[in-house]
Amino acid sequence: MTRIANYCAICGGSLQSKRVSGRMRPFCASCDMPIYFDPKVAVVVFIEVDDRVLLIQRAVDPGKGKWALPAGFVDHDEAPEAAARRETLEETHLQVRIDKLLAVFPKRDHGLADIIIAYSAKVLDGEALAGDDAAAVGFFARDNLPPLVFYPSITLTRLWSQGELEL
Ligand SMILES: [Zn+2]
């Protein structure tokens, strides 16, 4: 088992490794409790305006300088649609309405999330302006896409450019 924690977050005791529910898991003997580690969930948002897709240029690694769909992590107590609206607002200053679930992606590359939920959205209000971990924002036509990063952004943008993404 990959060691992902040494101490119990509740009592501070040292964790052991114990077979629970079919696999070895961190286990706190003091609390008599297995410690479950959950997948990190992110959302990604596909916004098309006048036959162009909204992309952000990443200001930080991974993927610094390359372009991707607006995206970010879902907070522990947050609905994924709410995270999608919040992250889009933070990165692009655009208020959006989430329209449709497009896909759920597993981790396939050096992205930081384990599960990525993709939505399509429509712009309600605002002018596109880069914020948070975006260095720039832009709308791109199918035949003029910039260098992209991250499997979900690459996959969705390719499907869209081939006319195979129903938004
Ligand atoms: Zn404990």
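## Close-up views of a predicted model

**View 1. The surroundings of E87.** Leaving out residues up to four places away in sequence, E87 touches V43, P70, A71 and G72. The model shown here and in the views that follow is a predicted one. E87 is found in helix α1, and it counts as buried because 23 other C-beta atoms lie within 10 Å, where 20 or more are needed for a residue to be called buried. A residue that does not share these surroundings is S17, since E87 and S17 are 37 Å apart in space, C-alpha to C-alpha, and 70 residues apart in sequence.

**View 2. Helix α1 and what covers it.** Helix α1 takes in residues 80-92, which makes 13 residues, and it reaches 18 Å from its first C-alpha to its last, close to the 18 Å expected at 1.5 Å a residue. Which residues of α1 are buried? They are A83, A84, R85, E87, T88, E91 and T92. An α-helix has 3.6 residues a turn, so residues three or four places apart point the same way. The cover over the buried residues of α1 includes strands from both sides of the helix in the sequence, namely β4 (41-49), β5 (52-58), β7 (71-73), β8 (95-106), β9 (115-125) and β10 (134-140). Just after α1 comes H93, which takes a positive phi of about 60 degrees.

**View 3. Strand β5 and its partners.** Strand β5 is mostly covered, with five of its seven residues buried. With β4, strand β5 pairs in the antiparallel sense over two bridges, and at this pairing E48 stands opposite V53 in β5. The pairing with β10 is also antiparallel and has six bridges, and here V53 stands opposite F140 in β10. A further antiparallel pairing, over two bridges, links β5 to strand β6, residues 67-68, where I56 stands opposite A68. In a regular strand the side chains alternate between the two faces of the sheet.

**View 4. The turn between β4 and β5.** Strands β4 and β5 form a hairpin with two residues between them, and in this turn D50 has a positive phi of about 50 degrees. D51 is found in the loop between β4 and β5, and it has a positive phi of about 65 degrees although it is not a glycine. Is D51 buried or exposed? D51 counts as exposed because it has 9 C-beta neighbours inside 10 Å, and a residue is called exposed at 12 or fewer.

**View 5. The loop between β5 and β6.** In the loop between β5 and β6 lies P62, and the peptide bond that joins D61 and P62 is cis, with omega at about 0 degrees.

**View 6. The nonpolar core and L69.** The largest nonpolar core holds 32 residues, and those that touch the most other members are V43, V44, V45, F46, L69, A118 and Y119. At least two residues of this core are supplied by each of β4, β5, β6, α1, β8, β9, β10 and α2 (151-161), and the largest share, six residues, comes from β4. In soluble globular proteins, nonpolar side chains tend to be buried together. When its neighbours within four places in sequence are left aside, L69 is in contact with V44, V45, F46, L55, S153 and L156.

**View 7. The open sheet of β1, β2 and β3.** Three strands form an open sheet in the order β1-β2-β3, with antiparallel pairing. The edge strands are β1 (15-20) and β3 (33-34), each of which pairs on one side only. Two bridges join β3 to strand β2, residues 23-28, and C28 stands opposite M33 in β3. In the loop between β2 and β3 lies D32, which has a positive phi of about 50 degrees although it is not a glycine. D32 counts as exposed because it has 7 C-beta neighbours inside 10 Å.

**View 8. The chain as a whole.** The chain has two helices and 10 strands, and it is divided into domain 1 (1-37) and domain 2 (41-161). How far apart do the C-alpha centres of domain 1 and domain 2 lie? They lie 35 Å apart. Along its principal axes the C-alpha trace spans about 60 × 30 × 30 Å, and of the 167 residues in the chain 29% count as buried.

How values were computed. Residues numbered from 1 in each chain as written. Predicted model: local features only at pLDDT ≥ 70, side-chain atom pairs only at ≥ 80, totals over all residues. Helix = DSSP H or I, 4+ residues; strand = E, 2+ residues; numbered from the N terminus. Expected span 1.5 Å × (residues − 1). Contact = placed C-beta atoms within 7 Å. Pairing = 2+ DSSP bridges. Domains from an automatic or database assignment. Core = buried A, V, L, I, M, F, W, Y, C linked by C-beta atoms within 7 Å.
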